[in-house]
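Me: Please take me closely through one part of this model, a turn between two strands, and then relate what you find there to other parts of the chain. I am in my first year, so please explain each term where it first appears.

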Amino acid sequence: MFDVAIIGCGPVGALAANLLGREGLSVVALEKELAHYPLPRAVHLDHEMMRLFQSAGVIDRVLGDMADTDGHLHVGAAAQVIRYMGTVGMARPFGWSNDYFFYQPELEAHLREGFAGMRNVALKLGAAFTGLTQEDGAVHIAYTQDGKDQTLSARWVIACDGSRSPVRKALGVALDDLDFEEPWLVVDAEVEGPVSFPAISGVPAQADLQRLSVMMCDPKRPATVVPGRGNHRRWEFMLLPGEDDTAMMQPEAVSALVEPWMQGVPHKVVRAATYRFHGLVAHKWQVGNVFLAGDAAHQTPPFFGQGMCHGLRDVANLAWKMVAIARDGADAAILDTYQPERDPHVRGVIGAAVNAGRYICQLDPVLAAQRDTEMAQRAASATKETAADLIPAISTGLIAEGTPSAGERFIQPVLADGSKLDDVTGDGWRLFAQGAAPVAGINVVDLATLNDKGAITNWLAARSTPAVLVRPDHYVFGTGTAESLIARRAALLGLTMEKAA
């Protein structure tokens, strides 16, 4: 019997396989397709995902195919800036740029390469899930491969099988509809030159339109222009009432939409597809020992590029808990914190994306003008924001609730030698303090020996606390004295102090 069976081996499932495999768990991934989907789907991820790729040991594989960019710009009906979420000149407290664009087939290949040499990880291609049963702490999975009915068993299942999720349907889990559905045409192209923009007023001096995700909130037709890696570019065009999906995907219609942005620049459309942008969240993310992750658990409108990021956070959350149970003897009930930790997190970001979608998709010229005035006024008095600011802290679960910064993402300073914090300290449980005693199961980092230019010492001083304990997924467990944090961790994980120490 495997420790973990992963159903669906896109980016989310592949990251799960890497994280679990590196920690020695036995893993099998079932993927119904024989080859990668050859065209781009997701295109954006953020600094937190790059840090997870560090944890998974694949950062050197993926980094060369990432294009770091400068954030988001929203443009009103009169071609004026109404919201700027740019990152030029801002600090990078997590060690990476805030925004990266990528080409999904490349990313999937790199992630699979990451676990290909792990003897404890198996990938079964052409394996289509057909059903499951659960008994006595095991999940029995039925699937077909090479025209034959097959079965296997695992202690846990992570279903990363997409928005139509056969696993979710087999479990009878319903979706909570957050009342957002709009039709859009997504166009991917290979472009041999810069995108042409109309004259836009109010663009900050430091902003480069070629390096921003630009949202044109034009009631005539809302559209997004997205940068990409290499010569890849993406457009998303809202379909207007009465427009037919099939007709709008035809080459003539696509060309007419894209051409004004090209101004004669050579380009080749590689994909045009219509989508319904949804806000949906599964009622239950866990049924027994089966866990929904990624699009199987939630679907996010793409206006801040967080859809795939949610799924990667999901499996990072599950992976360290499964490792703690299987390897370290933690209480199996800690997995019950998965949905309580992740669901509010996801809903917070989906809520922001849905709210943005409502104003972006405004087709009434009068209401659009009112929107632009109100947003420009808010922007004039608001502090600088980035898309990363949309990510809330974990508010409940395996954190030391009530301690300063519990549930926040922990910083990753760049050290004096140019390396990043996680490269030196690892990515398991880490306790940062001055002169704390060694503890089994926790990497105790003496700040006196860490050449981070005082970054973590300053972080602690700002919170008036002597120590911080960080979870393997890089979220702050809690702050306080080293002794209190060690004891609280042991209690929440269901470890005796003998096991913990």
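Reply: D136 is found in the loop between β9 (128-135) and β10 (138-145). The model is predicted, so local features need pLDDT of at least 70 and side-chain atom pairs count only at pLDDT 80 or more, while totals for chains, interfaces and linings use all residues. Residues are numbered from 1 along each chain as its sequence is written, and side-chain values use heavy atoms, with hydrogens and water left out. Strands (E, at least two residues) and helices (H or I, at least four) are DSSP runs, numbered from the N terminus.

The two strands beside this turn form a hairpin, with two residues between them. β9 and β10 pair in the antiparallel sense over seven bridges; two strands count as paired if DSSP finds at least two bridges between them. E135 has A138 of β10 as its bridge partner. Within the turn, D136 has a phi near 50 degrees, a positive value in a residue other than glycine. D136 counts as exposed because its relative accessibility is 81%; exposed means over 50% relative accessible area, buried under 20%, and partly exposed in between (1.4 Å probe, protein chains only).

K453 offers a second example of a positive phi, about 60 degrees, in a residue that is not a glycine. K453 lies in the loop between β21 and α12 (455-462), and is exposed, with a relative accessible area of 64%.

β21 leads to an open sheet of four strands, in the order β21-β20-β22-β23, where the pairing is mixed. Its edge strands, each pairing on one side only, are β21 (443-446) and β23 (476-480). From one strand to the next, the twist averages 15 degrees; angles run from 0 to 180 degrees between N-to-C directions, and axes are lines fitted to C-alpha atoms, for helices over the stretch in contact. Strand β22 (residues 467-470) pairs with β23 in the antiparallel sense over four bridges, and T479 in β23 is the bridge partner of V468. Across β20 (430-433), β22 and β23 lies helix α13 (residues 482-493), which runs at about 145 degrees to β23; contact here means heavy atoms within 4.5 Å.

Another open sheet has three strands in the order β3-β7-β4, with antiparallel pairing. β3 (44-46) and β4 (67-69) stand at the edges with a single partner strand each, so one side of each lacks a neighbour in the sheet. The twist in this sheet averages 35 degrees from one strand to the next. β3 pairs with strand β7 (residues 99-101) over three bridges in the antiparallel sense, and H44 stands opposite F101 in β7.

A helix completes the picture. Helix α10 (residues 365-381) has 17 residues and reaches 25 Å from its first C-alpha to its last, close to the 24 Å expected at 1.5 Å a residue; the expected span is 1.5 Å times one less than the number of residues. The buried residues of α10 are A368, R371, D372 and M375. They lie on the same side of α10 because they cover an arc of only 100 degrees around the axis, the arc being that of the directions from the helix axis to the C-beta atoms. These buried residues pack against β6 (81-86) and α9 (338-360), whereas V366, Q377, A380 and S381 are exposed on the other side of α10.
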